[in-house]
Amino acid sequence: MPSQPILDWYAVHARDLPWRAPSASPWSILVSELMLQQTPVNRVLPVWTVWMARWPTPASLAAEPSGEAVRAWGRLGYPRRALRLHACAVAITERHGGQVPSDHAELLALPGVGAYTAAAVASFAFRQRHAVLDTNVRRVLSRLKSGAEHPPKSQTTAELRLAESLLPDDPETAATWAVAVMELGALICTARSPRCADCPVISQCAWYRAGKPAYDGPPRRGQTYAGTDRQCRGRLLAVLRDSPHPVEKAALDVVWADAVQRERALDGLITDALVDPLDDGRYALPGTIAPADA
């Protein structure tokens, strides 16, 4: 079993992150998990810190418009996550008395909480025994046990079964194991330049023992950003985040030259409930218009 060497490595090398502190609330852990999806720690940490100071409980976030969550999300990317987190806060406040539920099924029923997030919160916040499979964990297990440089593009049943088979029996130890494997993937067993010499389970790694064969699966294309609709959406949202009042259409038009792409991106933001089009032709973040602005 590779668990003890990885647990020992984690005890020495784990990053000191506030959502890992013994005093971290389940809500703060849930917020961190949604923010960390597809976003590195160094970008999340300052936003998480400000967010938790402003909204230390689900009820405090639920009491504000969803547009304020979008504003506070800043440049983390994928801003629909902010809407999901706001909806999650509302659901926790209304269904669970303002307390993040500890039951895995109840976590999974919250808006914006999928299988990974439910398992992560149940494990990290409530010290339960769950297989927590993020990109880092899937890569570590793929190399360690399957001998493949990268896991399949989509999570498979076989991966879940493997992860479950490696869980220590003790729930507390299993919860630590879950975050330890994740940390190993983030710091050592990285996607592009793995530091195999520093790996605590190098002697057990099937991929290393096989000579680190190159990935031969479907092409792995990195995400592009420059010039995309996603970049355009980000520019438009930045204008709205930076303004305390609704903005005129002209203020949006100047941030992106391609009119067709700009209108498509704006329509998408409206469809996704990230932008409110007002009757007077101005635009605002959802729910943030004050009576004086009407």
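What share of the contacts in the chain with a separation of 6 or more comes from residues 24 or more positions apart? In this predicted model, such residues account for 62% of those contacts.

**Figure 1. Overview of the predicted chain.** The secondary structure comprises 15 helices and 2 strands. Taken along the principal axes, the C-alpha atoms fill a box of roughly 65 × 45 × 30 Å. Of the 294 residues in the chain, 46% are buried.

**Figure 2. Surface and charge of the chain.** The chain exposes about 14,400 Å², and 54% of this area is supplied by carbon and sulfur atoms. Positive side chains number 32 and negative side chains 30. The centres of these two sets lie 7 Å apart.

**Figure 3. The aromatic pair of Trp51 and Trp55.** A search of the whole structure yields 3 aromatic pairs. In the pair shown here, the ring centres of Trp51 and Trp55 are 4.7 Å apart and the ring planes stand at 75°; the pair is therefore edge-to-face, because planes over 60 degrees apart are assigned to that class. Trp51 has a relative accessibility of 1% and counts as buried. Trp55 is buried as well, with a relative accessible area of 0%. Both residues are classed in this way because buried means under 20% relative accessible area.

**Figure 4. The aromatic pair of Trp51 and Trp73.** The ring centres of Trp51 and Trp73 lie 5.9 Å apart, with the planes at 80°, so this pair is also edge-to-face. Trp51 belongs to helix H3 (residues 41-54) and Trp73 to helix H5 (residues 66-73); the pair therefore ties together parts that are 22 residues apart in sequence. Trp51 and Trp73 are both buried.

**Figure 5. The aromatic cluster of Trp51, Trp55 and Trp73.** These three tryptophan residues form one aromatic cluster. Within the cluster, Trp51 pairs edge-to-face with Trp55 and edge-to-face with Trp73.

**Figure 6. Arginine over the face of Trp207.** Arg143 lies over the face of the Trp207 ring. The distance from Arg143 to the ring centre is 4.6 Å.

**Figure 7. Arginine over the face of Tyr78.** Arg230 is placed over the face of the Tyr78 ring. Arg230 is 4.1 Å from the centre of that ring.

How values were computed
Residues numbered from 1 in each chain as written. Predicted model: local features only at pLDDT ≥ 70, side-chain atom pairs only at ≥ 80, totals over all residues. Heavy atoms only, no water. Phe/Tyr/Trp six-rings, centres within 6.5 Å; stacked < 30°, edge-to-face > 60°. Buried < 20%, exposed > 50% of the residue type's maximum accessible area, 1.4 Å probe, protein only. Helix = DSSP H or I, 4+ residues; strand = E, 2+ residues; numbered from the N terminus. Lys NZ or Arg CZ within 6 Å of the ring centre and 35° of its normal. Contact = heavy atoms within 4.5 Å. Areas by Shrake-Rupley, 256 points an atom, 1.4 Å probe, with all protein chains shown as cover. Lys, Arg positive; Asp, Glu negative; His and termini not counted. Charge placed at Lys NZ, Arg CZ, Asp CG, Glu CD.
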